[in-house]
Amino acid sequence: MERAFLLSLLQIFWLSLFSVSLLADSKRTHVIGVFDGIDREIAVENGKLVGRFAPYYRCVFNRVEGNFKFVEMPLAQMLYRLRKGGISAGLPLVQTPERDEYADFGGLLFQTEYVYLLLRDLPPLDSLTGLRFAFVRKFVGGKLLRGEDPQVTDVSDWGQAVELLKNNRVDVVVLPWVLIDTYMNKYDKPYYNRTAAWVDLSMYISHKVNDSRFTEDLRKAIRECRSIAHQNQVSWDTPTRP
């Protein structure tokens, strides 16, 4: 009788510890990296996500317990901090095998189109040799190189890449289609864009996160938010070509 009573007390003790641990996890502040330099699409204002991508991510974080601090940062810094555990998650990001080594992809949240931006109406890019490409450092543009012996210039933001193009220092810039009018709206000469790829955008969650439920909860919320948009026929997707 006494032994059974002591075992019951011990069970209650461990269950209490587990509950306290889960509560602590849910109240922990998670720093979320936000790709800077694309303010119209996603940015942080007064601690909140704003921009055309923001409804997707607000939907997700509203469904996950925890305190979230959103911090804008360059892509290279975001990926470094994901690897080292300096941030809990980073967005918006596409999936790559390299990133999978140190973080978990959240799953499809929405799609966007990447394009090749050119100032000359070149022949098919695969038929050319020595094309000079520019894109943001650590961006997936390296997967989208075309032609024989392509040359690559890495930059810290897309504005720099487009300036290189305008100054004839590169032939092609790889960037999201939604950013073209941001950087070319005052350019009064001809320019061209061609589809490079449609990609799934979401977020990455660091393997270093010390929270037993955080990754699972985010992935569940991502599935729910994508499903809600689809069921209600509400298009949160990025603008499409006219």
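A cavity is a set of grid points where a 1.4 Å probe fits but cannot get out, and its lining residues have an atom within 4 Å of a point. Keep that in mind as we look around this predicted model.

**Enclosed space**

Searching the whole structure turns up 2 cavities of 30 Å³ or more. The largest cavity holds about 140 Å³ of space. Of the 17 residues lining the largest cavity, F35, P92, Y114, W158 and L201 are the closest to its centre. Strands β5 and β7 (110-118) each supply at least two residues of that lining.

**An open pocket**

The model also has pockets, and the largest one has a volume of about 260 Å³. Its lining has 14 residues, and L79, T96, E98, R99 and K138 are the closest to the pocket's centre. Helices α3 and α4 each provide at least two lining residues of the largest pocket, and α3 gives the most, with 4 residues.

Here are the two linings, sorted by residue type:

| Lining | Nonpolar | Polar | Charged |
|---|---|---|---|
| Largest cavity | 14 residues | 1 residue | 2 residues |
| Largest pocket | 7 residues | 2 residues | 5 residues |

**Helix α3 up close**

Which residues of helix α3 are buried? In this helix, which spans residues 75-84, they are L75, M78, L79 and L82. Viewed down the axis of α3, these buried residues fall within an arc of 95°, so they line one face of the helix. A general rule helps here: an α-helix has 3.6 residues a turn, so residues three or four places apart point the same way.

On the other side of α3, Y80 and K84 are exposed. The cover over the buried residues of α3 includes the strands β1 (29-35), β4 (67-73), β5 (89-93), β8 (132-136) and β11 (192-206), along with helix α4 (97-100). Just after α3 comes G85, which takes a positive phi of about 85°.

**Helix α2**

Helix α2 (residues 54-61) is mostly covered, with 6 of its 8 residues buried. Those buried residues of α2 are A54, Y56, Y57, C59, V60 and F61.

**How far to trust the model**

Across the protein chain the mean pLDDT is 86, and 83% of the residues reach 70 or more. Over residues 12-26, though, the pLDDT is below 50, and this stretch has 10 contacts in the model beyond near neighbours in sequence. Where pLDDT is low, the predicted coordinates should not be read in detail.

Methods. Residues numbered from 1 in each chain as written. Predicted model: local features only at pLDDT ≥ 70, side-chain atom pairs only at ≥ 80, totals over all residues. Heavy atoms only, no water. Buried < 20%, exposed > 50% of the residue type's maximum accessible area, 1.4 Å probe, protein only. Arc of directions from axis to C-beta. Contact = heavy atoms within 4.5 Å. 1 Å grid on protein atoms, 1.4 Å probe; cavity = no way out; pocket = protein on both sides within 12 Å on 5 of 7 lines; lining within 4 Å. Points joined across faces, edges and corners; volume = space filled by probe spheres on them. Nonpolar A, V, L, I, M, F, W, Y, C, P; charged D, E, K, R; others polar. pLDDT = per-residue confidence, 0-100.
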